[in-house]
Structures are given as C-alpha cells and as structure tokens.
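I opened this entry to record two kinds of lookup, one on backbone torsions and one on helix packing.

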Amino acid sequence: MFFSLLAFLTFNLEETSFCTLGFLTELVNLRIGTKEKAIRFHFGIKEMSGKLRVGFDSQTSSKMGSMDGRSDHEFEDESLVSPMELTKMTNGLTGIHHGSFSAVEQQKSIDNINTSLLRSLKVILFTSKINILMPCGPLAVVIHHLTEDQGWVFFLSLLGIIPLAERLGFATEQLALFTGPTVGGLLNATFGNATEMIISVHALKGGMIRVVQQSLLGSILSNMLLVLGCAFFCGGIVFMKKDQVFDKAAAVVNSGLLLMAVMGLLFPAVLHYTHSEVHYGKSELALSRFSSCIMLVAYAFYLVFQLKGHNESYERVNEEGGQNEGGTDDEEVPEISKWEAIIWLAILTGWISVLSDYLVDAIQGASAAWNIPIAFISVILLPIVGNAAEHASAIMFAMKDKLDISLGVAIGSSTQISMFGIPFCVVVGWILGRPMDLNFQLFETASLFITVLVVAFMLQEGTSNYFKGLMLVLCYLIVAASFFVHVDPSPVQDKKP
C-alpha cells in the first residue's frame, strides 16, 4: 500500500510540474509583454494547480482514511513548485517582459532621433544645388591663416556666404509654416536681411562706417531694381499674353515708407553740404540719431498696422495668389520640425557671422588686389550675396503668378532695411561710440532718391510685365556702372566724433 501511494504521488507531482513548466515556456515564447495576459496565464496555472491538489486529496482520503491532517501540508511542502513560488516566477517573468519592452522603447526613441537628425542634415545640406559652394567658407578660413592673400579670402568668403544665406531663408520659411501667414512674412523679411545686418555690425565694430552705409544702401538698391526687375521680367516672360496684377494698396504703403526713409537720409546730407549746422560736426550727428529713433517708431507702427490692423487684406491676397491656377497648388508641408528650424537658424546665423568677420577684414585687401573701388564692392557685390535667397524666391513666386509675394519679398525687404536696418545701425553705433550717421554723402543719397521715384512710378498702376522688369534691371546696371567709377571722398576707417 505504501509503495503504490508513493508511485501515485510521484506521477501526480510530475504531471503538475510538467503542466506548470509548459505554461511558463508558452508564456516566455509568446513575447507579448503585456501585464494582462501574463496575469491571465498566472491565474490559469494557479487554478490547474488547485484542481490537481483537490484531486490528489480526494484520492488520498479515500485510500488513506487513517492518515492525519498534516499529510496535505507535508505533501504541499514536498511539491516541486508551490503556488507562492509560481506566483513569484510569473511576476518575475512579467517584470522581465516589461523591462525588455522599456528597453525596446528606448532603442526606438534613439533610432527615431538618429533618423530625424540624418533627415534634417540631408534636407539642409544636400537638397539644394547651390550648397556645392559651402566648402568655400572653411577654405577661406584656412587660406586666411596660411597666407596673406586677402583677395582670395574675400572671394571665398563671399562664395561661402551665398549658400548659407539661401539655407537661412529656407529655414525661415520652414519656421514660418508653423506661425501663420502674417508672422511668417515678417520672419521671412527679418531673417532675409540677417546677412546684411550681420555684415554691417561687424563692419561697424571695425570702424568701417562707410562700408556699413554703402552696403545697406546697396541692399536697398539691389532689392528695388535688380530683384524686383528680375521678378517682373521672368514673370512677364512666362505670362507673355497678359499683365500680372498685384495689390496696389500694399505697394503704395511701402512706397510711402521708402520716401520717408529718403527724407531721413536727405536732410543730414543737405545740412552737411550747405554748412548750415548750428554746431559743426555735432548737429548732423544729433539730427541723425533723432531721425533714426523716429524711423524706428514709424516702423514699429507699421508692424502693428500689418499684424493687427489690416492683416486680413494681406492674407486674402495670399489666398487668392494660391488659387490663381485653378486651385491646383498643394498645401506646403514642412520638411523639418519647428525646433529643427530654430536650431538651424541659430547654427546658420553663427556661421554667417564668422564668415562675415573674415569678409569685412579682407575688403580693403581685395580692393587693392583687384583694383576695384571699395564703394563698388560695398554697394554692388556685398548686397548681391546677401540678397541671393530673396532674389531666387522672388523670381520663383513671380513665375507662379504670385506677384504679391514677390513684391513683398523685394519691396518689403527694402522697406525693412531703410526703416529698421539703417536706424538700427545708427543706434548701435551710438552705443558703441561710433559716429554712424544718416549722411550717406550726396552721390549715394541722390541714387537712392532717384531709385525710389522710378520704382514708385512702376508700381502705381498695380500691374507688371516683362518690359517694366527689363527697365528696372537696366536702371540697376546704370547704378552699378556709376559706383564703379565713383571715388568715395570719405575715408573707410572710423571718423573721429
């Protein structure tokens, strides 16, 4: 009897252990890792273990009625896997699955970050063909430290800034997609002129006041004549059989601000050349600083006017521009995220600042090496580099019959430089102790005055065609030739206050 009971117990315990291990093996192989299913398997195992124990007790009670009450507990202690141990093993397996799931999530997060970084690098550095010029920037730095050839340093720095300015405009456009049309337009105008402002601040710190004045003047002339002229010309060629139409009201507002800027630049120059100052050398500077503050206030109200007062008209024009070709244009989708755009804006601005430092230091050496007047370099070459992104975008929008956007890029940029950029540099010079004033000399002021009048007459009808664009480009060629033969009477270095 005792040996048959022992054989029966061994068989049931082996069966229980086999079932338990089978369920545990199945739980591991499923690789689901969810707590609910693990708990479900755990309760199933406990239920089967309980049934086996009940069956075992009934059989043993019928065969061994004389056995004492401690036998059940003794056999339970002798079992291979107790319910408590089984619960601990199940919880341990569940924890293992949860730990492995967390590790998988962390690995996926790292992979997503790496993928996003690679995609962002690809979009910024390898999608534009003009990025082939990016190695020119580091090469300019290397040549500056290895040789004293300022001509090559200036030339390579100039080429290196071109793709950076274009990519800065691209990152600004990507950020503008997250901010709305009005704020996006202001962001485009602000960072579109970031290159000129960075170059101007570096030149101002170096005491090259005439370079600052002429580069800002050249940026206005380039936007109003070259950029707008090329946009009108290319748009007129594509739409040869009709006149392209733009919002005349917005153009009139910008023309009025440009005329106000001309007034601010004209009076200090007239005061200087008529020798009618109350305090010679001081009244001109004081008038420039006062006029700059007034111009900054006017520009601030202009921003309020755009953002709060009449932004509906600007948004309506942009919407109509997007529907000119039967509404076939798809909505533009951002290629990079908002924070990626902000980070790239910071990186590109910093690198442009570094190259601008080398560029400004090499201007005089390049002028002597190439036998080109500094006025021509400042008014023509530097603004063309800074306006490369605006030049391309204005032409692109004009060829899509979105002339309001082209006009906002060209004229809006000129308005910002004249009403914000120039007064800002005067205030910065005031802070740095540099006598930066609004006396741009008679020749430069006259060039700006004639340019504003010509463009204002071109915009008064609210239409454009390729012939108007051609006239603006030819006017720019006349201005460029004039500065090529112009000798600046003032020294490039800082004037004593």
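I looked up the accessibility of histidine 275 and found 59% relative accessibility; since the cut-off for exposed is over 50%, histidine 275 counts as exposed. I note that the model is a predicted one.

I then located histidine 275 in the loop that joins α10 (248-273) and α11 (283-309). Its backbone drew my attention: histidine 275 is not a glycine, yet its phi is positive, at about 55 degrees. For context, I recorded that most residues other than glycine have a negative phi.

I next turned to glutamine 441, another non-glycine residue with a positive phi, here of about 75 degrees. I placed glutamine 441 in helix α18, which spans residues 441-459. Is glutamine 441 buried or exposed? I read 8% relative accessibility, and because buried means under 20%, glutamine 441 counts as buried.

My last lookup concerned a helix pair. I found that the axes of α6 (residues 150-176) and α14 (residues 363-370) come within 7 Å, with a crossing angle of roughly 115 degrees. I therefore entered α6 and α14 as roughly perpendicular to each other. I logged the handedness of the α6 and α14 crossing as left-handed.

Which residues meet at this crossing of α6 and α14? On the α6 side I listed Gln150, Gly151, Phe154 and Phe155, and on the α14 side Ile363, Gly365, Ala366 and Trp370. Sorting the contact of α6 with α14 by class, I obtained 5 nonpolar residues, 3 polar residues and no charged ones.

Technical notes
Residues numbered from 1 in each chain as written. Predicted model: local features only at pLDDT ≥ 70, side-chain atom pairs only at ≥ 80, totals over all residues. Heavy atoms only, no water. Axes fitted to C-alpha atoms, helices over the stretch in contact; angles between N-to-C directions. Helix = DSSP H or I, 4+ residues; strand = E, 2+ residues; numbered from the N terminus. Parallel < 35°, antiparallel > 145°, perpendicular 65-115°, else oblique. Left-handed = near helix turned anticlockwise from the far one by under 90°. Contact = heavy atoms within 4.5 Å. Nonpolar A, V, L, I, M, F, W, Y, C, P; charged D, E, K, R; others polar. Buried < 20%, exposed > 50% of the residue type's maximum accessible area, 1.4 Å probe, protein only.
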